[in-house]
Amino acid sequence: MIESPNKADRQAIAQLISDKYHHFVRRPSSTPEEQQRAIRLIIRRFNPEQSFSVRRDDKIVGFAVVETSEYPHALAIPYASIRREFSYFKSILFWLALRIYRSRKIEIDEYSARIEVFLVHRDYQRQGVATELLEKIQEFAQEEGKTSLTLEVPEDDIEAHTFFNKVGFTTLSYRRLTQFFHRLILPTAPTKTFQLRYPLDDSEE
């Protein structure tokens, strides 16, 4: 878990988010300054108790956020907070994007945990960062009494599919994003995501 992240930590996390979720922050944020505002809004909502990181060379190169039934809203940003950062029209777009994005997520019950964010710096991939990050999440989930992990992976994220399938995740189903969501809110986002599950309890295998 991340304890008291400093300015450099927040900047590193912001860069990871920007690299991975560029399609999410680009549409409601037409300028670099507004993109940074969107990222700061997202970072401020992360609960340190549910956030995990991996460091290399004294900087954060891997970052993850986990949701549970006890803490289910890692990205539940109030409209009032969004409105303070953006114009009325852009605030509505950002708020709608978040609402629609979350509306069809995998349900979390008391026995499962959902990986909401899983990021590895592009310069540190295939160096064990993702594995170390996942191990921290597994340890946390088991300590919380969870028996499974779930997450969603975009259809076109081949590297993520390869990694999560290799470590034991299996595909539950997939969902298509609505045309409204895809064309109006996030026109560069993937149109289909796969829902994956990993058992933490050996008896489930």
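Visitor: Welcome me in with the aromatic residues: which residues form one aromatic cluster?

Guide: Happy to, and please keep in mind that this is a predicted model. Six aromatic pairs are counted in it. One aromatic cluster is formed by Phe118, Phe163, Phe164, Phe169 and Tyr198.

Visitor: Helix H7 covers residues 158–166, so to speak; which of its residues are buried?

Guide: Two members of the aromatic cluster, Phe163 and Phe164, are a good place to look. Both are buried within helix H7. The full set of buried residues given for H7 is Ala160, His161, Phe163 and Phe164.

Visitor: And what phi does Gly168 take just after H7?

Guide: Helix H7 spans residues 158–166, and Gly168 follows just after H7. The phi of Gly168 is positive, at about 120 degrees.

Visitor: Let's move to the other end of the chain. Is Asp9 buried or exposed?

Guide: Asp9 sits in helix H1. Its relative accessible area is 5%, and buried means under 20%, so Asp9 counts as buried.

Visitor: Which residue has a side chain joined to that of Asp9 by a polar contact?

Guide: Setting aside neighbours within four places in sequence, Asp9 is in contact with Arg55 and Ile60. The polar contact runs between side chains and has a length of 2.9 Å. The partner of Asp9 in it is Arg55.

Visitor: Helix H1 also helps line a pocket, I see. How many residues of the second largest pocket's lining come from H1?

Guide: This pocket has a volume of about 190 Å³. Its lining consists of Lys7, Arg10, Gln11, Ala14, Gln15, Gln36, Ile39, Arg40 and Ile43. Helix H1 (7–20) and helix H3 (32–44) are the elements that give two or more residues to that lining. The largest share comes from H1, with five residues.

Visitor: How do the residues of that lining divide into nonpolar, polar and charged?

Guide: Ala14, Ile39 and Ile43 are in the lining and count as nonpolar. Lys7, Arg10 and Arg40 also line the pocket and count as charged. The division is three nonpolar, three polar and three charged.

Visitor: Stepping back, what pattern does the protein follow along the sequence?

Guide: The protein has eight helices and six strands. Read along the sequence, they give α-α-α-β-β-α-α-β-α-β-α-β-α-β.

Visitor: Last one: what share of the contacts with a separation of 6 or more joins residues 24 or more positions apart?

Guide: The protein has 205 residues, and 48% of them are buried. Among contacts with a separation of 6 or more, the share from residues 24 or more positions apart is 71%.

Definitions and conventions. Residues are numbered from 1 along each chain as its sequence is written. This is a predicted model: local features need pLDDT of at least 70, side-chain atom pairs count only at pLDDT 80 or more; totals for chains, interfaces and linings use all residues. Side-chain values use heavy atoms; hydrogens and water are left out. On a 1 Å grid over the protein atoms alone, a cavity is a set of points where a 1.4 Å probe fits but cannot get out, and a pocket is an open set with protein on both sides within 12 Å along at least five of seven lines; lining residues have an atom within 4 Å of a point. Grid points are joined across faces, edges and corners, and a volume is the space filled by probe spheres set on the points. Helices (H or I, at least four residues) and strands (E, at least two) are DSSP runs, numbered from the N terminus. Rings of Phe, Tyr and Trp (its six-membered ring) pair if their centres lie within 6.5 Å; planes under 30 degrees apart count as stacked, over 60 as edge-to-face and the rest as tilted. Buried means under 20% relative accessible area, exposed over 50%, partly exposed in between (1.4 Å probe, protein chains only). A polar contact is a pair of N or O atoms within 3.5 Å; within protein, one must be able to donate a hydrogen and the other to accept it, and residues adjacent in sequence count only if both atoms are side-chain atoms. Contact means heavy atoms within 4.5 Å.
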